[in-house]
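You asked me to look over this model and to write down what a newcomer might want to check by eye. My notes are set out as numbered points.

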Amino acid sequence: AFESGHQGLVHLNENKNRTALVYIDFMLPNLDAHCLISLAKAIDKNIPLLICSGLPQAKEELNDILNDNTLAFIEKPFEVDSLIKVLISMVSQSRL
């Protein structure tokens with residue numbers, strides 16, 4: 001976990017060959033989710049990104065990009081079993 005999206009991006013850039021998935025909260029300080037998604041995809045276009053949010057409008061705002069098979073959305077609050085299913089599905093479809 002990182003305190004900011006910027007820290008996460010630095011880590012991803014330095015560890016892209018060892019990163020299986022990136023978990024992003026829709027509401028980030030100092031960097032919006034759309035920007036973070038674009039920047040992460042610029043580092044590694046195939047990295048699976050799981051976006052979560054408790055905001056009702058978040059999924060709707062992301063609908064235009066959620067058709068990318070490397071992106072998934074989970075609504076908070078979520079059950080651990082639901083999260084595990086999404087994570088397994090994403091990682092099994094990824095390059096690992």
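The points below go from the whole chain to its strands and then to one residue.

1. Please keep in mind throughout that this is a predicted model, and that the values quoted here are computed from it.

2. The protein chain contains four helices and three strands, and if you follow the chain from the N terminus you will meet these elements in the order α-β-α-β-α-β-α. The radius of gyration is 13 Å, close to the 12 Å that the globule rule gives for 96 residues, so the chain is as compact as a globular protein of that length. Along the principal axes, the C-alpha atoms fill a box of roughly 35 × 30 × 25 Å.

3. How much of the chain counts as buried? Of the 96 residues, 38% do, while the surface that the chain exposes comes to about 6100 Å², with carbon and sulfur atoms supplying 53% of it. Taking the contacts between residues at least 6 apart in sequence, 61% of them join residues that are at least 24 apart.

4. As for charge, the protein chain carries 8 positive and 12 negative side chains, and the centres of these two sets lie 10 Å apart.

5. Strand 1, residues 22-25, is a good place to practise reading a strand, since its side chains alternate along its length. V22 and I24 point to one face and are buried, whereas Y23 and D25 point to the other face and are not buried.

6. Which way do strand 1 and strand 2 run with respect to each other, parallel or antiparallel? They run parallel, and four bridges join strand 1 to strand 2, which spans residues 49-53; within this pairing, I24 of strand 1, one of the buried residues just mentioned, stands opposite I51 in strand 2.

7. Strand 2 also pairs with strand 3, again in the parallel sense, and here the pairing extends over five bridges, with L50 standing opposite A72 in strand 3. Strand 3 itself, residues 71-75, is mostly covered, as four of its five residues are buried.

8. Finally, consider S4, which lies in the segment before helix 1, the helix of residues 5-15. Why is S4 classed as buried? Its relative accessible area is 18%, and because buried means under 20% relative accessible area, S4 falls within that class. You may also wish to locate D81, which is 77 residues away from S4 along the chain, and to check that the C-alpha atoms of the two are separated by 27 Å.

Notes. Residues are numbered from 1 along each chain as its sequence is written. This is a predicted model: local features need pLDDT of at least 70, side-chain atom pairs count only at pLDDT 80 or more; totals for chains, interfaces and linings use all residues. Side-chain values use heavy atoms; hydrogens and water are left out. Helices (H or I, at least four residues) and strands (E, at least two) are DSSP runs, numbered from the N terminus. The radius of gyration is taken over C-alpha atoms; the globule rule is 2.2 Å times the number of residues to the power 0.38. Buried means under 20% relative accessible area, exposed over 50%, partly exposed in between (1.4 Å probe, protein chains only). Contact means heavy atoms within 4.5 Å. Accessible areas come from the Shrake-Rupley method with a 1.4 Å probe; for residues, only the protein chains shown count as cover. Lys and Arg count as positive and Asp and Glu as negative; His and the chain ends are not counted. The place of a charge is taken as NZ of Lys, CZ of Arg, CG of Asp or CD of Glu. Two strands pair if DSSP finds at least two bridges between them.
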